[in-house]
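User: I would like to go through the aromatic contacts in this model. Please keep the answers short.

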Amino acid sequence: MRWHKFLSTILHPIVMPTIGLLLYFFLCPIQISLREQLYFLTLAFSATYVIPLLILIFLRLSNKVSSMDLPSIKERKVPLFIMMCIFLILAKYFSLFRNVQDLAYLFYGTLLGLIAMYLIFFSGIKTSIHLLSMGSAVGFFIVFQLIYNISVLPLLVILILLSGLLASSRLYLKAHTPKEVYLGFILGLGCQLLTYYIL
């Protein structure tokens, strides 16, 4: 069980945007100064990790949620809506900078996935946010390949394998059903590709 919790923690949805940016800066063929990289990483980390974590702590302390895992659909609605707002702001912000403009795809694509997930809540399905974030990562780096015409196949294979391990962990922890983890991954992947072709 410790391994499953560890994997769920290090690949948590609020960690994945920062991991995505680190991988992007490592692989990107465009010259981006270290100062700019640190600025954008700090911005993304603050917006997608620090702020959501503080919100979750506040909701937990005020008894609005029963645990930090947000086990029910009802408990997920407010945090998910806040994340949608954050991703919209980040997407618009990154689109202003020519040298990192394609990072807007990451945030717009994830935003689209979160919106789809929110709508699916009304059918009573608690789609996996963990797997949505992994699907978004896979989808974004497929888009990255298309934009720069370079292969990142080893990274995609690693991300897909990690997605499988994460899905198994979420099932083992009884956090989701198989349908919910598959749906999360497909939404994340599909929304990234759809965003690329729309924008």
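User: How many aromatic pairs does a search of the whole structure find?

Analyst: This is a predicted model. The search covers the whole structure, and its count of aromatic pairs is 19.

User: What kind of aromatic pair do Phe40 and Phe94 form?

Analyst: Their ring centres are 5.3 Å apart, and the planes meet at 40°. Planes under 30 degrees apart would count as stacked, and over 60 as edge-to-face. The angle of 40° fits neither class, so the pair is tilted.

User: How many residues apart in sequence are the parts that this pair ties together?

Analyst: Phe40 sits in helix α3 (residues 34-61). Phe94 belongs to helix α4 (residues 73-94). The pair therefore ties together parts whose separation in sequence is 54 residues.

User: Is Phe40 buried or exposed?

Analyst: Its relative accessibility is 1%. The cut-off for burial is under 20%, so Phe40 counts as buried.

User: What type of pair do the rings of Phe40 and Phe97 make?

Analyst: The centres lie 5.1 Å apart. The planes are at 80°, and over 60 degrees is the relevant class, so the pair is edge-to-face.

User: Where does Phe97 lie?

Analyst: Phe40 is in helix α3, and Phe97 is 57 residues away. The pair links distant parts of the chain, with Phe97 in the loop between α4 and α5 (103-121).

User: Which residues do ring pairs link into a cluster?

Analyst: Phe40 pairs with Phe94 and also with Phe97. The cluster linked by ring pairs contains Tyr39, Phe40, Phe87, Tyr93, Phe94, Phe97 and Phe107.

Key
Residues are numbered from 1 along each chain as its sequence is written. This is a predicted model: local features need pLDDT of at least 70, side-chain atom pairs count only at pLDDT 80 or more; totals for chains, interfaces and linings use all residues. Side-chain values use heavy atoms; hydrogens and water are left out. Rings of Phe, Tyr and Trp (its six-membered ring) pair if their centres lie within 6.5 Å; planes under 30 degrees apart count as stacked, over 60 as edge-to-face and the rest as tilted. Helices (H or I, at least four residues) and strands (E, at least two) are DSSP runs, numbered from the N terminus. Buried means under 20% relative accessible area, exposed over 50%, partly exposed in between (1.4 Å probe, protein chains only).
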